[in-house]
Amino acid sequence: MGNITLVMLCAGSSSRFGLSAKKQWLRTEHNPLWLFVTNKLSSYYDFDKIIVVSSHHELNYMQNFDDQFHYVAGGQTRQESMKNALQKVTSEYVMISDVARSCVPSHVIDALVSNKGNADCIVPYLNVSDTVVYEDETIHRENVKLIQTPQLSKTAKLKEALNSSKEFTDDSSAIKDAGGTVKYILGDKASMKLTFDEDLKHLSCVKAPSNATFVGTGFDIHPFEEGKKMVLGGVEIDVPYGFKAHSDGDVLIHSLIDALLGAAGAGDIGEFFPDTDAQYKNIDSKKLLTEIVAFIYSVGYEIVNVDLTIVAQQPKINPYKHNIKTTISELLNIPKQCVNIKATTAEKLGFVGRKEGVAVQSSAALKYYDWKCL
Ligand SMILES: Nc1ccn([C@@H]2O[C@H](COP(=O)(O)OP(=O)(O)OP(=O)(O)O)[C@@H](O)[C@H]2O)c(=O)n1
Ligand SMILES: C[C@](O)(CO)[C@H](O)COP(=O)(O)O
């Protein structure tokens with residue numbers, strides 16, 4: 001243990017990446033990239049502590065993957081994410097890395113550690129081999145450094161440097177601005193940052209995602225309530241009663257949400273939308289499904305197909321099947337032929353047979369987003 005904490009920054013929004021999946025959630029075999037990179041760096045050096053910084057709404061999901069790390073919610077900027085992580089750093093030194101730099105070679109980590117203490121911040125860089133023009137003027141390219149991460153800082157100095165109102169794009173510029181010392185060491189082209197989708201062709205150290213399929217199931221029941229509008233599968237049903245619920249009571253969409261979350265290993269609808277939360281009172285469940293679909297795609301999955309079975313003695317479902325199928329396929333952004341809607345009565349048995357309510361059983365299949373096929 002060398003009194004160094006590793007902070008892995010994984011809370012970005014991947015806005016420049018431009019794909020359905022966020023870059024830190026691309027899979028290599030079965031591992032999300034953030035886990036692959038964190039495990040790789042932790043194999044190079046025996047850190048005192050490893051902190052993974054996640055987007056706030058992915059924190060619970062991320063923690064499912066590995067409980068050996070500490071997890072912290074990130075902020076709106078890289079700097080905010082760093083500051084949030086630093087609140088949990090007690091070691092004398094901190095190594096902060098971008099998960100977007102997924103193929104950092106071990107010799108860079110070795111060089112950072114061997115320079116520990118030689119300056120307030122040890123920074124890997126690359127020289128440039130192109131001619132450089134800055135504001136229409138050609139400048140001496142030997143004076144240009146392309147800065148990389150991880151960077152190894154004295155924790156106290158970095159904390160002090162970030163207590164600034166200024167926004168810095170990396171640790172070393174903050175430390176320099178605070179009068180600290182910086183030592184530059186040669187980095188490696190392999191440490192290239194994954195920013196745009198075309199950068200994927202340089203992602204040499206990771207394997208393709210597994211082609212496995214993941215299946216989840218959902219089940220929900222809602223009793224009838226007189227005088228309420230009925231919405232089922234996002235479609236208004238022409239009957240003088242609806243579903244008793246905190247939300248609009250769309251029992252099909254609730255069941256489908258649980259099937260999607262189940263396939264992704266992401267818990268259940270109540271963990272995402274507590275029925276004690278006033279913001280979901282009478283909410284349109286299509287909005288909930290839209291949020292869950294965005295989550296499923298952003299954490300690196302694609303939806304293969306869904307199969308939904310409505311168990312109802314009333315109302316008659318057949319007249320609405322086509323519209324429900326169309327609505328669900330649009331909400332999931334999958335072809336209509338990948339959405340199957342079944343309806344059955346309960347043969348007048350039980351609460352369904354007594355026309356007290358409706359149950360829906362759902363199944364969903366997911367696969368990893370195949371970024372290698374781009
Ligand atoms: N609020 C933020 C913003 C960025 N990062 C992390 O900082 C690293 C470098 O940021 P960048 O490559 O810009 O990632 P994104 O912010 O996701 O990309 P974009 O700017 O295109 O949205 C990434 O590992 C990213 O996850 C972070 O932890 N918290
Ligand atoms: C920290 C960094 O990787 C050093 O080059 C870079 O500044 C991150 O920039 P981004 O826009 O936050 O990706």
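Modeller: Before we start, a residue counts as buried when its relative accessible area is under 20%, as exposed when that area is over 50%, and as partly exposed in between. Please also keep in mind that this is a predicted model.

Biologist: With that in hand, is Lys 286 buried, partly exposed or exposed?

Modeller: Lys 286 shares a salt bridge with Asp 284, in which the two side chains meet at 3.1 Å from N to O. Asp 284 has a relative accessibility of 25% and is therefore partly exposed. For Lys 286 the value is 24%, which lies between the limits of 20% and 50%, so Lys 286 is likewise classed as partly exposed.

Biologist: Which residues are joined into one network by salt bridges that share partners?

Modeller: One pair to start from is Asp 98 with Arg 101, whose closest N and O atoms are 3.6 Å apart, and both of these residues are buried. Beside the Asp 284 and Lys 286 pair, which meets at 3.1 Å, there is a network built from salt bridges with shared partners, and its members are Arg 78, Asp 98, Arg 101 and Asp 171.

Biologist: How many residues apart in sequence are Asp 177 and Lys 166?

Modeller: These two form a salt bridge, with 2.9 Å between the closest N and O atoms. The pair links distant parts of the chain, for Asp 177 belongs to helix 6 (residues 171-177) while Lys 166 sits in the loop between helix 5 (155-162) and helix 6, and their separation is 11 residues.

Biologist: Are Asp 177 and Lys 166 buried, partly exposed or exposed?

Modeller: Asp 177 has a relative accessible area of 41%, and Lys 166 has one of 42%. Since these values lie between 20% and 50%, the class for Asp 177 and for Lys 166 is partly exposed.

Biologist: How many salt bridges are there in the whole structure?

Modeller: The pairs described so far include Asp 98 with Arg 101 and Asp 177 with Lys 166. When the whole structure is searched, the number of salt bridges found is 13.

Biologist: Let us turn to the annotated residues. Which residues does the UniProt annotation "binding site" cover?

Modeller: The annotation comes from an unreviewed UniProt entry. Its residues span 35 positions in sequence, yet none of their C-alpha atoms lie more than 9.9 Å from one another, so they gather at one spot. The residues that the entry marks are Asp 220, His 222 and His 254.

Biologist: With which side chain does the side chain of His 222 make a polar contact of 3.2 Å?

Modeller: His 222 is part of strand 13 (residues 213-226), and its relative accessibility of 11% is under 20%, so it counts as buried. Leaving aside residues up to four places away in sequence, it touches several others, including Phe 243, Lys 244 and Val 358. The partner in the 3.2 Å polar contact is the side chain of His 254.

Biologist: Is His 254 buried or exposed?

Modeller: His 254 lies in helix 7 (residues 251-264), and beyond residues up to four places away in sequence it touches, among others, Asp 220, His 222 and Ser 285. Its relative accessibility is 8%, which is under the 20% limit, so His 254 is buried.

Biologist: How far apart are the centres of domain 1 and domain 2?

Modeller: The domain assignment divides the protein chain into domain 1 (4-202) and domain 2 (213-373). The C-alpha trace of the protein chain spans about 80 × 40 × 40 Å along its principal axes. Taken over C-alpha atoms, the distance between the two centres is 40 Å.

Biologist: What area is buried between domain 1 and domain 2?

Modeller: The size of an interface is often given as the accessible area lost when the parts come together. Here 14 residues of domain 1 are in contact with 13 residues of domain 2. Carbon and sulfur atoms give 62% of the buried area, which in total is about 1300 Å².

Biologist: Which three residues of domain 1 supply 46% of the area it buries against domain 2?

Modeller: Between the two domains there are 0 salt bridges, while 7 residue pairs are in polar contact. On the side of domain 1, the three residues that supply this 46%, more than any other three, are Ser 20, Arg 27 and Tyr 61.

Methods: Residues numbered from 1 in each chain as written. Chains lettered and ligands numbered in written order. Predicted model: local features only at pLDDT ≥ 70, side-chain atom pairs only at ≥ 80, totals over all residues. Heavy atoms only, no water. UniProt positions renumbered as here; feature names shortened; annotations may be inferred. Helix = DSSP H or I, 4+ residues; strand = E, 2+ residues; numbered from the N terminus. Buried < 20%, exposed > 50% of the residue type's maximum accessible area, 1.4 Å probe, protein only. Contact = heavy atoms within 4.5 Å. Polar contact = N/O pair within 3.5 Å; in protein donor to acceptor, adjacent residues only side chain to side chain. Domains from an automatic or database assignment. Buried area = accessible area lost by both parts, 1.4 Å probe. Salt bridge = Lys/Arg side-chain N within 4 Å of Asp/Glu carboxyl O.
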